[in-house]
Amino acid sequence: MIKPILIKHAAQLATLASKGKGPRSKEAMSELGLIEDGSMWIEGGMIKAIGTTTELEERYADRLDEAEVIDATNHLVTPGLVDPHTHVVYGGSREREFEMRLEGASYMDIMNAGGGIHATTRMTREASEEELIEQTTWRLDSFLAHGVTTVEGKSGYGMNLETELKQLRVMKKLQEQHVIDLVPTFMGGHAVPPEYKGREDEFVEHLINDMLPVVAEEKLAEFNDVFCEKGVFTPAQSERILDAGKRFGLIPKIHADEIESYGGAELAAKIGSISAEHLLKASEAGIKAMAKSGTIACLLPATALYLREEAAAGRKMIDEGVAVAISTDCNPGSSPTTSMPLVMNLACISMRLTPAEVLTAATYNAACAINREEKVGSLEVGKQADIVLWNVKNYQELQYLFGVNHVKAVWKKGVKVV
């Protein structure tokens with residue numbers, strides 16, 4: 001029988017306790033629910049009590065002998081981090097493109113030359129399920145070592161029915177095999193495959209009529225995403241794909257306004273997308289529309305850094321009332337990282353988010369962006385015991401000492417996994 005766990009004497013226990021439904025915006029993003037000399041009682045993989053160490057030692061005085069006691073003196077304790085936007089399942093590697101980019105090639109130059117998404121598509125189509133599971137397991141292990149306990153994963157490197165289903169089935173198997181919670185998104189609309197060049201509308205019809213029904217029938221995804229960008233899918237095509245997904249019960253997400261302002265943020269608000277991703281070039285009108293609709297801005301500062309682009313206007317979005325989440329965008333071409341701590345640092349440095357806002361963006365708001373806030377993203381009674389113990393004394397120090405993995409220990413559903 002697994003012992004109950006008492007974590008006590010945390011210098012700061014950042015609960016991120018939610019105050020109502022939905023993501024946090026504006027000043028609420030700075031409310032971390034801090035408890036000094038904090039303590040938690042964990043049992044059956046769930047959080048049973050939270051308070052000061054004195055309160056919990058008194059409450060559980062007759063059970064202390066049966067518990068595993070973790071002394072968190074001089075350490076910060078937070079919820080497990082949540083990564084709400086990744087392309088974690090893929091085949092192969094694209095390190096040569098990194099060099100090409102440094103030599104002056106743009107993202108679209110590489111893509112139009114047969115690289116980029118198309119290169120990974122070829123390698124993913126060629127990989128077996130077993131090979132994809134092996135490669136992805138390594139990445140998930142790395143996420144876990146960096147304090148991430150829940151990860152969203154997208155298909156999109158197949159762009160044909162067979163490979164899209166293969167990616168999603170790999171995620172389903174990994175959800176059963178790996179300790180990380182893996183949340184699946186169908187992204188058949190990641191790019192137009194080379195065999196459909198010049199017949200883009202025909203591919204949209206194929207995606208809607210042939211791919212989406214099978215994904216829905218096999219219950220392989222919860223979300224439906226599309227890359228709304230000039231040279232990829234137009235706003236009209238994107239709207240058709242996302243509306244079709246809604247008819248099959250898939251919640252819409254959208255890659256929007258990454259390369260240039262293209263009306264993606266406005267479309268996200270119009271269709272009621274749970275989140276809009278990237279948003280480096282989002283317009284003023286698009287930001288205001290997202291604030292009004294409640295669409296979460298999922299910002300990816302490591303991608304901007306890797307592409308040597310100016311980061312999204314995270315500070316402005318929060319000030320305008322948009323709820324912001326952050327993510328690694330783990331993918332082989334524009335953000336080959338599994339380090340959410342680095343992304344948190346970058347969100348402070350390049351987007352002017354405060355350390356408190358960053359912690360909210362990487363936990364509670366990130367959970368909201370994948371519809372998991374009832375289970376993870378905060379430390380509250382009745383939620384999963386997904387917990388990180390950090391080698392720092394407070395949440396400010398976590399961002400101040402940047403580029404370092406400060407994880408000391410990680411618990412997933414009450415089991416120590418790091």
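**Exercise 1. Describe how helices H9 and H10 pack in this predicted model, beginning with their geometry and ending with the residues that meet.**

Step 1. H9 and helix H10, the latter formed by residues 284–293, pack with their axes 8 Å apart and at an angle of about 20°.

Step 2. Since angles under 35 degrees count as roughly parallel, H9 and H10 are therefore roughly parallel to each other, and their crossing is left-handed.

Step 3. On the H9 side the contact is made by Ala-265, Glu-266 and Ala-269, and on the H10 side by Ala-285, Gly-286, Ala-289, Met-290 and Ser-293. Sorted by class, the contact of H9 with H10 has five nonpolar residues, two polar residues and one charged residue.

**Exercise 2. Work out how H8 is placed against H9, and which residues of the two helices meet.**

Step 1. Helix H8 covers residues 235–247 and helix H9 covers residues 264–271; their axes are 11 Å apart, and the packing angle is about 30°.

Step 2. H8 and H9 are therefore roughly parallel to each other, and the crossing of this pair is right-handed.

Step 3. From H8, the residues Pro-235, Ser-238, Glu-239, Leu-242, Asp-243 and Lys-246 meet Leu-267, Lys-270 and Ile-271 of H9. The contact of H8 with H9 has, by class, four nonpolar, one polar and four charged residues.

**Exercise 3. Extend the analysis to H7 and H8, giving the angle, the relative direction and the composition of the contact.**

Step 1. Helix H7, which comprises residues 200–217, crosses H8 at roughly 5°, and the axes of the two helices come within 10 Å.

Step 2. H7 and H8 are therefore roughly parallel to each other.

Step 3. H7 contributes Glu-200, Asp-201, Val-204, Glu-205, Leu-207, Ile-208 and Leu-212 to the contact, while H8 contributes Gln-237, Arg-240, Ile-241, Ala-244, Gly-245 and Arg-247. These residues divide into six nonpolar, two polar and five charged.

**Exercise 4. Locate the annotated domain, and establish where the residues of the first "binding site" feature lie in relation to one another.**

Step 1. In an unreviewed entry, UniProt lists residues 76–415 for "domain: Amidohydrolase-related". This span is 44% helix and 17% strand, and its end C-alpha atoms lie 18 Å apart.

Step 2. UniProt, again in an unreviewed entry, places the feature "binding site" at His-85, His-87, His-255 and Asp-329.

Step 3. Although these residues span 245 residues in sequence, no two of their C-alpha atoms are more than 12.3 Å apart, so they gather at one spot. Among them, His-87, His-255 and Asp-329 are included in the lining of the largest cavity.

Step 4. As for its setting in the chain, His-87 is found in the loop between strand E6 (81–83) and helix H2 (95–102).

**Exercise 5. Relate the further "binding site" residues to the largest cavity, and place Arg-94 in the chain.**

Step 1. For "binding site", the unreviewed UniProt entry lists Arg-94, Tyr-157, His-190, Glu-258 and Ser-334.

Step 2. The lining of the largest cavity includes Arg-94, Tyr-157, His-190, Glu-258 and Ser-334.

Step 3. Arg-94 has its place in the loop between E6 and H2, and His-87 is likewise found in the loop between E6 and H2.

Note on methods: Residues numbered from 1 in each chain as written. Predicted model: local features only at pLDDT ≥ 70, side-chain atom pairs only at ≥ 80, totals over all residues. Heavy atoms only, no water. Axes fitted to C-alpha atoms, helices over the stretch in contact; angles between N-to-C directions. Helix = DSSP H or I, 4+ residues; strand = E, 2+ residues; numbered from the N terminus. Parallel < 35°, antiparallel > 145°, perpendicular 65-115°, else oblique. Left-handed = near helix turned anticlockwise from the far one by under 90°. Contact = heavy atoms within 4.5 Å. Nonpolar A, V, L, I, M, F, W, Y, C, P; charged D, E, K, R; others polar. UniProt positions renumbered as here; feature names shortened; annotations may be inferred. 1 Å grid on protein atoms, 1.4 Å probe; cavity = no way out; pocket = protein on both sides within 12 Å on 5 of 7 lines; lining within 4 Å.
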